[in-house]
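Hi there,

Here is the structure I promised to pass on. Have a look at it first, and then read my notes below with the model open beside you.

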Amino acid sequence: MARDRNGYRHRVPNPLDTLKALGDQLRAQIGEELDFEALRRQEPARPLEDLLAELDALPGLESVKEQVRALVAFLRVQARRKESGLPEVATTQHLVFLGNPGTGKTTVARLLAQMYRSMGLLKRGQLVEVDRAGLVGQYVGMTAIKTERVIRKAIDGVLFIDEAYALARESDRLDFGDEAIETLLKRMEDNRHRLVVIVAGYPRLMHRFLDSNPGLRSRFSREIDFPDYSTADLVEIFSQFATESSYRFGEGAEDALRSIFAGAERDESFGNARFARTLFEQALNAQALRLGQGDVDTLTHAELAVLTPQDLLAGARALGEEPLPPQPERSSWFGRKPR
Ligand SMILES: Nc1ncnc2c1ncn2[C@@H]1O[C@H](COP(=O)(O)OP(=O)(O)O)[C@@H](O)[C@H]1O
Ligand SMILES: [Mg+2]
């Protein structure tokens, strides 16, 4: 105990406690952006060729692959030019991904982030994915703080803003989305060489969003379109899910699958590859129910691996789809719903 000027006794604070409290406070403030552990743990950059091969192996996405290859070529040439002392071309490196849900936007963004890293353009190449709720606060002043924090996390990597149009205000009502956009634009400028921002969402809404703010429009000039997957793409994507988990198609299963995808309602909420994934999960449930009717202990390797047309159709029905009769590939016009 010690006495202060007025003669009151106080417990002298332990300097170690003070240091610890200071440390906690610092960690609370900067901990999220300075993840030293994560930095140390980071694996070496994957070669660009590997990443391009992984992109190539994704079913469908032909136009996306072409556009990514063109972007990569451009960036490599620019990097080379810089190395040989030529001036930098003033272009924006930020991107717009236009497409419905489940068309592969996040998947491709994650690969692209690693490509930036392996080209030496971004030091870490992590992907930080947020939506409106991750950027916008509920009180005055909170939004700038939240947005800044997210940006610090994304520095030296890619910030992926899903459904970015939700940041634009709908009416004249005060909306903190504007504050997020302003903060974002400012930080993008300050960190020109350390941050790539990708804004993603439904094409129609994204165009309206970009056109709502000249600052946005000028910084996001490069757009990549993610078309909906074709029936054949979805069959291939589903087959990949199956192969990855050691399932295989029984007799007629592929035709059943084709008929399910061909017959599914194709509006903006269709879900694309996400639909393929939930259908896969439902088919596994249906298979388990079917197998569970017999003696599970005596099931063979082959029986455990096979998905039958019935499993797939039951899975589709669980998702509210009323599939058409199985569709052989060649007579694809036959039995199709008129649309
Ligand atoms: N071409 C593809 N091949 C295999 N799986 C895919 C493909 N595209 C998307 N997926 C899978 O579908 C799901 C949704 O994809 P995602 O990239 O998140 O789409 P989006 O971001 O456009 O909504 C993920 O599970 C992803 O792995
Ligand atoms: Mg996504």
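**What I found**

Let's begin at the far side of a helix: just after α15, G320 takes a positive phi of about 80°. Keep in mind as you read that this is a predicted model.

**Helix α15**

This helix covers residues 309–318, and its buried residues are P309, D311, L312, L313, G315 and A316. What do the buried residues of α15 pack against? Their partners are α11, α12 (253–263), α13 and β9 (306–307).

A314 also sits in helix α15. Its relative accessible area is 31%, so A314 counts as partly exposed. If you click on Q282, you will find its C-alpha 7.9 Å from that of A314, although the two are 32 residues apart in sequence.

**The chain as a whole**

Now zoom out. There are 15 helices and nine strands in the chain. It has 339 residues, and 42% of them count as buried. The accessible surface comes to about 19700 Å², and carbon and sulfur atoms make up 53% of that.

Have a think about the contacts too. Take those in the chain with a separation of 6 or more: 75% of them are between residues 24 or more positions apart.

**Around ligand 1**

This is the part I'd spend some time on. Where does ligand 1 lie? Domain 2 (42–226) and domain 3 (231–318) both give residues to the shell around ligand 1, so it lies between them.

There are 18 residues around ligand 1, and the ones that come nearest are G102, T106, T107, Y229 and R274. By type, the shell splits into eight nonpolar residues, seven polar and three charged. Three helices, α5 (105–118), α11 (231–244) and α13 (272–292), each supply at least two residues of that shell.

A few atom pairs are worth finding on screen:

- K105 has a polar side-chain atom 2.8 Å from an oxygen atom of ligand 1.
- R274 has a side-chain N or O atom 2.2 Å from an oxygen atom of ligand 1.
- R277 has a side-chain N or O atom 2.9 Å from an oxygen atom of ligand 1.

How much of ligand 1 does the protein bury? Taken alone, ligand 1 exposes 560 Å², and the protein buries 86% of that.

**N272, in helix α13**

N272 has its place in helix α13. Is N272 buried or exposed? With 1% relative accessibility, against a cut-off of under 20% for buried, N272 counts as buried.

Its side chain makes a polar contact with the side chain of D228, at 3.1 Å. Leaving out residues up to four places away in sequence, N272 touches N100, P101, G102, T103, D228, Y229, L234 and R266. Two of these names, G102 and Y229, you have met already, among the residues that come nearest to ligand 1.

The backbone deserves a look as well. Most residues other than glycine have a negative phi. N272 is not a glycine, yet its phi is positive, near 45°.

**L61, in a loop**

L61 gives you another case: its phi is positive, about 60°, although it is not a glycine. You will find L61 in the loop between α3 (48–56) and α4 (62–83). Its relative accessible area is 6%, so L61 is buried.

**R222, in strand β7**

Last stop: R222 is in strand β7, which runs over residues 222–226. How exposed is R222? Its relative accessibility is 29%, so R222 counts as partly exposed.

Apart from its neighbours within four places in sequence, R222 is in contact with L71, F74, H94, L95 and V96. Try Q67 as well: R222 and Q67 are 155 residues apart in sequence, but their C-alpha atoms are 9.8 Å apart in space.

Have fun clicking through it, and write back if anything is unclear.

Cheers

Notes
Residues numbered from 1 in each chain as written. Chains lettered and ligands numbered in written order. Predicted model: local features only at pLDDT ≥ 70, side-chain atom pairs only at ≥ 80, totals over all residues. Heavy atoms only, no water. Near = heavy atom within 4 Å. Polar contact = N/O pair within 3.5 Å; in protein donor to acceptor, adjacent residues only side chain to side chain. Areas by Shrake-Rupley, 256 points an atom, 1.4 Å probe, with all protein chains shown as cover. Helix = DSSP H or I, 4+ residues; strand = E, 2+ residues; numbered from the N terminus. Nonpolar A, V, L, I, M, F, W, Y, C, P; charged D, E, K, R; others polar. Domains from an automatic or database assignment. Buried < 20%, exposed > 50% of the residue type's maximum accessible area, 1.4 Å probe, protein only. Contact = heavy atoms within 4.5 Å.
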